[in-house]
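The following dialogue sets structural labels against the criteria that define them. Each question asks what justifies a term.

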Amino acid sequence: EPASALLAVHDVSVRFGNIVALDGISFEAPAGYVTGLIGPNGAGKTTLFNCLSRLYAWQTGDIEFNGRSLLPLPPHRIAGLGIGRTFQNLALFDSMTVLENVKIGGHCTSTSGFLSNALRLPYVRREELDAGRKASELIGFLELDAVAHLPAGQLPFGTRKRVELARALMGDPQLLLLDEPAAGLNHEEVDALGRIILSIRTDLGVSILLVEHHMGLVMGVSDKVVALNFGRKLAEGTPKEVQQHPDVISAYLGGR
Ligand code: ATP
């Protein structure tokens with residue numbers, strides 16, 4: 001029985017002037033899956049993420065989340081719909097504690113400029129209490145208890161990445177978009193990240209779309225993998241099927 005599609009991308013194309021960043025891409029990210037999205041530099045992965053966040057518009061096709069088109073929605077409605085994301089570059093407040101940084105995620109209603117918006121939100125005592133409890137739970141889940149009251153700026157890079165994950169989870173996403181979470185991590189941190197990703201899927205029930213260059217990680221944790229190159233879909237299937245696909249192999253060896 002095929003898993004139901006949480007996210008369905010139908011024939012999506014994005015052009016920037018003469019550059020075709022995405023050229024008729026279709027795939028599904030099923031509920032309960034880690035879906036890996038791979039491809040060499042410039043393949044279109046970040047462009048696709050930016051479409052999912054409604055930061056970019058697409059010229060053909062559509063993207064549906066739970067059967068609902070994202071097209072009419074402005075970026076600030078996306079988080080509320082149940083799509084959370086992390087960014088390639090960390091965006092934590094260095095002088096704020098880990099707990100404070102995570103709590104901000106509960107105020108996320110937008111994927112662009114949400115941090116500054118969040119800080120201007122009125123203080124609501126009741127919500128604040130609930131947010132504190134939930135943030136503490138997520139801090140425990142990501143094994144950040146020991147550093148919960150330290151300023152985020154004092155922490156090693158790998159720990160800061162976990163804070164960013166906790167913050168993204170504060171928004172209660174059904175689907176979490178992870179943009180190169182392994183970038184800059186050492187071997188042990190990548191192993192730990194793999195366990196965290198699987199635990200987010202299995203224990204929290206959050207589906208994941210993972211853009212990642214670290215092949216060991218993406219092949220190790222993904223239930224299915226979609227490979228892009230030059231804006232087109234090269235292959236889709238189990239990690240093993242995609243790894244063995246001749247077009248994928250040649251794309252990574254520099255062929256087309
Ligand atoms: P990487 O792995 O290096 O992050 P990627 O797979 O994420 O690459 P994209 O960043 O989506 O690839 O880029 C796809 C293509 O679209 C590239 O040719 C890129 O130069 C182009 N592109 C992306 N965003 C823009 C933009 N805002 N304006 C013009 N061209 C863009």
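The questions and answers below treat the sheet, the ligand shell and the cavities in turn.

Q: How do you know which features of the model may be discussed?
A: This is a predicted model, in which local features need pLDDT of at least 70 and side-chain atom pairs count only at pLDDT 80 or more, while totals for chains, interfaces and linings use all residues. Residues are numbered from 1 along each chain as its sequence is written, and side-chain values use heavy atoms, with hydrogens and water left out.

Q: Why are S1 and S2 called paired strands?
A: Strands are DSSP runs of E with at least two residues, helices are runs of H or I with at least four, and both are numbered from the N terminus. Two strands pair if DSSP finds at least two bridges between them. S1 (residues 5-16) and S2 (residues 19-30) are joined by 8 bridges in the antiparallel sense, so the criterion is met. One of the bridges links Ala8 to Glu28 in S2. In the hairpin of these strands, 2 residues lie between them, and Gly17 takes a positive phi near 60°.

Q: What makes S2 and S5 edge strands?
A: The open sheet has 4 strands in the order S2-S1-S4-S5, with antiparallel pairing. S2 and S5 (68-69) each pair on one side only, and hence are its edge strands. S1 also runs antiparallel to S4 (residues 60-65), to which 5 bridges join it; Ser13 stands opposite Thr60 in S4.

Q: Which residues come nearest the ligand, and what counts as near?
A: A residue is near a molecule if one of its heavy atoms lies within 4 Å of it. There are 14 residues around the ligand, of which Gly42, Lys45, Thr46, Thr47 and His213 come nearest. H1 (45-52) and S2 each supply at least two residues of this shell, and the largest share, 3 residues, comes from H1.

Q: Why is the approach of Thr47 to the ligand called a polar contact?
A: A polar contact with the ligand is a pair of N or O atoms within 3.5 Å. An N or O atom in the side chain of Thr47 is 2.5 Å from an oxygen atom of the ligand, so the pair qualifies. By the same cut-off, polar backbone atoms of Gly42, at 2.8 Å, and Gly44, at 2.9 Å, also make polar contacts with ligand oxygen.

Q: What makes a space in the protein a cavity?
A: On a 1 Å grid over the protein atoms alone, a cavity is a set of points where a 1.4 Å probe fits but cannot get out; lining residues have an atom within 4 Å of a point. Grid points are joined across faces, edges and corners, and the volume is the space filled by probe spheres set on them. This rule gives 2 cavities of 30 Å³ or more. The second largest holds about 70 Å³ and is lined by 10 residues, including Thr86, Lys161 and Glu164. H6 (157-170) gives the most to that lining, with 3 residues.

Technical notes:
A polar contact is a pair of N or O atoms within 3.5 Å; within protein, one must be able to donate a hydrogen and the other to accept it, and residues adjacent in sequence count only if both atoms are side-chain atoms. On a 1 Å grid over the protein atoms alone, a cavity is a set of points where a 1.4 Å probe fits but cannot get out, and a pocket is an open set with protein on both sides within 12 Å along at least five of seven lines; lining residues have an atom within 4 Å of a point.
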